[in-house]
Every structure is written in C-alpha cells, then in structure tokens.
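Subject: The structure for you to look at

Hi,

Here is the structure I promised to pass on. Have a look at it first, then read my notes underneath with the model open next to them.

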Amino acid sequence: METVINPLAATLYPDDKTHKLNVLHAWWPGGIILGGLISFGMGKMEFGWQAKLSVVLLPAIVYGAMILGTKFPPTERVAAGVSTGSMFKELGRPLFIILWMSMFLTAAAELAPGQWVDIALTRTVGMKGVILLIYVSGLMFVMRHFAGTLAHKLSPIGLLWVSCLLASAGLVLLSVANSPLTGLLAATVWGTGVCYMWPTMLASAAERFPRGGAFLMGLIGTAGSLSIWFVLPAMGKLYDSRKVEVAGGESAYKSLAGAAKDAIDSVASTYSFRVVAVLPAVLLLVFGAIWLNDRRKGGFKPERI
C-alpha cells in the first residue's frame, strides 16, 4: 500500500509533492488514534483480538468499491516517457544514496522510540505512556497539514534539518523526563521533530529524482521499514544490557521486585532514548551540508523531467 500510494500522490500533485505527501501521511498518526479508540471501545465491550483485527477489512471493502471503474494515471516517469533503463541509472546518483542511507536514521528516530514511549514513560513519569503516544499522534496529524508552508520557507531539506534538531533534543528530554509535565514537554518536542521526517524524505526523493519514479520512492520507504527491523531489536539489547549493568549483574536483577525493579527499568529505558538521540544529531551534518549547497546554488528547485 505504501509503495503504491506515494508515487500516486506525487503523480497527482507534481508541483506540490512535499505538502501533499505530508497531508497523506497525516493519516498514519490519524489511523493510530482511530484504531486505538476503536480497539479500546471493543475491549470495553469484551470483543476478542480476532474481532479487533477484522476491523481492517472495513477500509479494504471501501477501497475495493472505490477502485471499481477507476482509471489510474501513469506515473510521472512513465507519462514523461522516461525509460526503465534511465530510471535504474538514477540509483547511482550520490545524493540519492545519501538520502537512502539517511532514511534509516530518520525512521529510527521516529518509529523506534514510538514503540518504547508506552513502556518507558509509564515507569518514569507516573502516567500511562499510551496517553502521550495518542497526544503525539494528534500533534503529528495536525502539524503535517502545514508542511507545505514550512517547506516553502525553509526548503524540504531545511525542514528535515530542523526536524532532526528537534527530534534529537526531544529524545534527550525524554531520557530525563521525571514528571507528567516534563514528559508532555519532551513528547511535544520529539513529536514536532519527527512528524515531517518520513513524508518529507519521500518528497525529497520525488522532487530531486523524478526520473527514478515509483522505484526510487519505494526504495526510500523500504529503507525506513528495514530501519525498524534493525533498530528496534538494538534498542531492546541496549535496554537489557543496561538494566543488568545498573543492577549489578543478571542474578541481582532477577532478584529485584516492585519499586526497586521499576527504578532499574526506568534507568535502562531512559538510556535507550539517549543513545537513539545520536542518530538524528548525525543527520544535522548531512542535511546541513545539502541545505548549504542548495543555498549556494541559489536555493532549492525541484528537478523537472
């Protein structure tokens, strides 16, 4: 679905890719909110997990009905007559390789901590972490609708640079949050930082390498998905090793219970956030260099086929 819908949005809105892709991806956090509320309500009514999971069939049925009789346009690359061979040549462009590798880090800064917010902040700030997750999702849903304005003022790469700055700062703040207020503040800074990353990375590939078409956009998305496969287990290993280290050994940790165990787990959780904060910080150098180079050339202009 991700592979198809991104190039479709780029094809339908060739002059407004960054904004439209961000608006499209606003429904990722929007879906988290809707899915969370539906799941919560069905849980209260004592529905099983099978019934909850079957809810995904409802939009599938709607999509199926919408597709009937619909004619989809050719992608931007195909419509412009760019050959498949020319599309594959775009793979070798150095800037695309840099963006593809950067996607591993931007996705890690967004999605990996998102999986840990509940387990970590429930222990450290004294409130359910899932509440902050829903709050951050709502924040991202609203803010992605304003990406076009920000990208116009800064450029897409400039927006990514600011996003990395806030994401890194937010992760550091998450690692030291110790109350509901500081947890909310940290989640706000982190959520503001990461909300533009995924769709703006896709838009950057689409605007700078339109000859690469759906293939290059798909590779960017694939890098993001692979990132979670690598980074989430790594965060788990950091967490496990840190809690054992702080406790004074594996046997010492296993002997803990109650508040003492929660205190050790809290230290380990915050340590994981601090380590991941390094990833978007590295990209400040990468995106900063690209941004300065664009400005040296008179500002960023999307490439035309």
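Let's begin with Leu132, which counts as buried because its relative accessibility is 0%, and anything under 20% falls in that class. Please keep in mind that this is a predicted model. You will find Leu132 in helix α9. Try picking out Pro180 as well: Leu132 and Pro180 are 48 residues apart along the chain, and their C-alpha atoms are separated by 9.4 Å.

Two other buried spots

Next, go to Ser204, in helix α13, which covers residues 197–208. Is Ser204 buried or exposed? Its relative accessible area is 1%, so Ser204 is buried. What does Ser204 touch, once you leave aside its neighbours within four places in sequence? The contacts are Leu99, Pro156, Ile157 and Leu160.

Gly114 sits in helix α8. Gly114 has a relative accessible area of 17%, so this residue is buried too; remember that the cut-off is 20%. Not counting residues up to four places away in sequence, Gly114 touches Leu133 and Trp190. You can also check the spacing between Gly114 and Tyr135: they are 21 residues apart along the chain, with 12 Å between their C-alpha atoms.

Helix α1 is worth a click as well. Asn6, Pro7, Ala9, Ala10 and Thr11 are buried there. The buried residues of α1 pack against α2, α6 (76–79), α13 and α14 (213–247), and α13 is the helix where you just found Ser204.

Rings and charges

On to the aromatic side chains. How many aromatic pairs does the structure hold? There are six. A pair of aromatic rings is described by how far apart the centres are and by the angle of the planes.

Trp27 and Phe141 form one of these pairs: their ring centres are 4.9 Å apart and their planes stand at 75°, so the pair is edge-to-face, given that an angle over 60 degrees puts a pair in that class. Trp27 belongs to helix α3 and Phe141 to helix α9 (residues 129–143), so this pair ties together parts that are 114 residues apart in sequence. Phe141 is partly exposed, with a relative accessible area of 23%.

Trp100 and Phe104 make another edge-to-face pair, at 5.1 Å centre to centre and with 80° between the planes. Both of these residues lie in helix α8 (residues 94–124), four residues apart, which is about one turn of the helix. An α-helix has 3.6 residues a turn, so residues three or four places apart point the same way. Which of the two rings is buried, and which is partly exposed? Trp100 counts as partly exposed because its relative accessibility is 29%, while Phe104 has 19% and is buried.

Two rings also have a charge over them. Lys20 lies over the face of Tyr13, 4.7 Å from the ring centre. Over the ring of Tyr271 you will see the charged end of Arg242, at 4.5 Å from the centre.

The pockets

Last, the empty space. Rolling a probe the size of a water molecule over the atoms shows where empty space is left.

The largest pocket holds about 1500 Å³ of space. It is lined by 31 residues, and the closest to its centre are Met1, Ile5, Trp27, Pro59 and Tyr63. Two or more lining residues come from each of α1 (2–12), α2 (17–25), α3 (27–44) and α5 (57–67). Which element gives the most to this lining? That is α3, with ten residues. By type, the lining divides into 22 nonpolar, six polar and three charged residues.

The second largest pocket has a volume of about 390 Å³. Of its 24 lining residues, Ala151, His152, Ser155, Pro156 and Phe300 are the closest to the centre. The elements giving two or more residues to this lining are α2, α10 (147–154) and α17 (278–296), and α10 gives the most, with five residues. This lining splits into eight nonpolar, six polar and ten charged residues.

Happy exploring!

Methods: Residues are numbered from 1 along each chain as its sequence is written. This is a predicted model: local features need pLDDT of at least 70, side-chain atom pairs count only at pLDDT 80 or more; totals for chains, interfaces and linings use all residues. Side-chain values use heavy atoms; hydrogens and water are left out. On a 1 Å grid over the protein atoms alone, a cavity is a set of points where a 1.4 Å probe fits but cannot get out, and a pocket is an open set with protein on both sides within 12 Å along at least five of seven lines; lining residues have an atom within 4 Å of a point. Grid points are joined across faces, edges and corners, and a volume is the space filled by probe spheres set on the points. Ala, Val, Leu, Ile, Met, Phe, Trp, Tyr, Cys and Pro count as nonpolar, Asp, Glu, Lys and Arg as charged, and the others, Gly among them, as polar. Buried means under 20% relative accessible area, exposed over 50%, partly exposed in between (1.4 Å probe, protein chains only). Contact means heavy atoms within 4.5 Å. Rings of Phe, Tyr and Trp (its six-membered ring) pair if their centres lie within 6.5 Å; planes under 30 degrees apart count as stacked, over 60 as edge-to-face and the rest as tilted. A charge sits over a ring if NZ of Lys or CZ of Arg is within 6 Å of the ring centre and within 35 degrees of the ring normal.
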